[in-house]
Amino acid sequence: MNFDTILVLQGGGSLGAYECGVYKALCKRGIKFNVLAGSSIGAINTAIITAAQNGDGKDAPSILEDFWLTLAEDIISSEPVLSLPNISSNKMRAMLFSFHSIFYGIPKAFIPIWFMPNYPDLMLPYKWTFLYDKDPLKKTLMQFIDFNGLKKINTKVNDDIKGNFKDEKQSRLIITSTDIQRGEPVIFDNAHMDIDADKILAGASYPFYGIRWTEKDGKYLWDGSLLTNTPMLEVIRASPLNDKRFFIVDVFPRNQKDIPKNMFEVWHRARDIVFMDKTDKNIEMLKVNEKSINLLKRIYKIINSSDAKIDEKTNEKLKELDKEYHSLTKKHGAAITDVIRIGRKEEDLHYILEDADFSKYRIKKLIHEGESDAEKAIKEKQFKDSDSLVNV
C-alpha cells in the first residue's frame, strides 16, 4: 500500500510565521511531505511550499521565510518597549503594532477600506461588508508562487475511488474554504483542479477580522477555519486508500496555566480553545473504524478460503455482498500510523490581537520558536511506521 506523509497547517494570522519555522526544521531533518493541507494562513503557507516543491525545485523553506520577511514591517524597535504595570515589554510591543496594523493595514497583505478612495460605498459605512481588502496579498503571492507548480497533478482512479498519487515526484495541495450561503466546506485540491491565487485567498478570508470574502466560480467564500482549522479529515476523505503519517502544527496553545485576568484575556483564551487542534476524537473514531475494517477483512478472508464449507445459497448471498465489501474497504481502508503535533506555547503574551502583529521583530521571533520547537520534537520522537498515536 502507498504511504502519505502529510503536513497540516492551521490558520492564525501572523502566527503562520511559527509554521514557517517548523517547516524549516522538518526540512533540515530530511522529512518530506507528499500531501499538504491548510486553512487560512496555513493555506497560504502550504501553497507556497507546494509550488516550490512541484515547480523548478527551488528551496521551499527559504522561499517561505522570504515571504514572511516580506510581509513583516520594521516600524517597531526590537529594543525593550516601555511597559505599564502588569503589561510586559513583549505584550506592549504586540499591542502597539497590532493597533497600528488595525488602522493602517499590512501594506503587503491587507489595505483598509478607508484607504480605498475608489470604493463606491466609502462614505456609507453601514453598507460595508469588509474592512480590509486582500489585493495587496494577491500581488505578494504572485511574487512567491510559481503557479505552474500548482497545476493539476495525475491521480490514480480505481473503482471510481479517486485521490491516490500516480506521480510520486509531485506534492498534493488541499485548501479549505467556507461557502457563505450554504455554510458548507469548499475544497480546492490540485489533484482535481488547477489552483490559482483567488482559490488560495478564498481560504484566507477571515470575517471576524473584517477580511473581504472571495467570489470564485459563482460562490462567495470565507475562511476555511470557520468550519475546520485543522483540515485532517479533508485529507483522509481526499485520499482514502493510502496509510498516513500526520504532522500537525498547532499555533493555538492547548494548555494555559494562567487563568484570564480580564475580558481581553478571556476572549484570547476562548479564541485559542475555539481554533486549537481538536482532532483527537476524530483520530479515535478512525482508529475504531480501522480495527473494524481489519476485522471485516479477516472474516471475509476466512469465508472465502478453500477450507470454508458454505452451501450454494449462502455463497450466492456472499457474492451479492462482494461489491459492498470492496467499496467499503477501499473508501475507508487507510490507516493512521502516527500523528505528530508540534504546538506553540505562550509565556506572557496572552493577547487577543497577537495574530495581528506583523512586526519584523515578532515574525522573526515566531520563526525561531517554530524551528526550536520542531527540533525538540524531532529529538524526542523516532519516526517509525507504527500504530501508536504520538503527541509532541
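Visitor: Which residues is Thr50 in contact with, leaving aside its neighbours within four places in sequence?

Guide: Leaving those neighbours aside, Thr50 is in contact with Leu36, Gly149, Leu150, Ser171, Leu173 and Asn190, where contact means heavy atoms within 4.5 Å. This is a predicted model, in which local features need pLDDT of at least 70 and side-chain atom pairs count only at pLDDT 80 or more, while totals for chains, interfaces and linings use all residues. Residues are numbered from 1 along each chain as its sequence is written, and side-chain values use heavy atoms, with hydrogens and water left out.

Visitor: Why is Thr50 called buried?

Guide: Buried means under 20% relative accessible area, exposed means over 50%, and partly exposed lies in between, with a 1.4 Å probe and protein chains only. Thr50 has a relative accessible area of 0%, and therefore counts as buried. Its place is in helix α2, residues 41–54; helices here are DSSP runs of H or I with at least four residues, strands are runs of E with at least two, and both are numbered from the N terminus.

Visitor: Why is His192 called partly exposed?

Guide: The relative accessible area of His192 is 35%, which falls between the two limits, so the residue is partly exposed. His192 sits in the loop between β8 (185–189) and α6 (197–202), and its C-alpha atom is separated by 7.3 Å from that of Ile153, 39 residues apart along the chain.

Visitor: And what makes Phe115 partly exposed?

Guide: Phe115 has 37% relative accessibility, and because this value also lies between the limits, the residue counts as partly exposed. Phe115 belongs to the loop between β3 (111–112) and β4 (132–133).

Visitor: How do you know that strand β7 is mostly covered?

Guide: In β7 (residues 172–179), 8 of its 8 residues are buried. In a regular strand the side chains alternate between the two faces of the sheet. Both faces of β7 are covered, with Arg172, Ile174, Thr176 and Thr178 buried on one side and Leu173, Ile175, Ser177 and Asp179 buried on the other.

Visitor: What makes β7 and β8 a pair of strands?

Guide: Two strands pair if DSSP finds at least two bridges between them; β7 and β8 have 5 bridges, in the antiparallel sense, and so they pair. Ile174 stands opposite Asp189 in β8, and the two strands form a hairpin with 5 residues between them, where Gly183 in the turn has a positive phi of about 65°.

Visitor: Which strand runs parallel to β7?

Guide: Strand β2 (residues 35–39) is joined to β7 by 5 bridges, and the two run parallel, with Val35 opposite Arg172.
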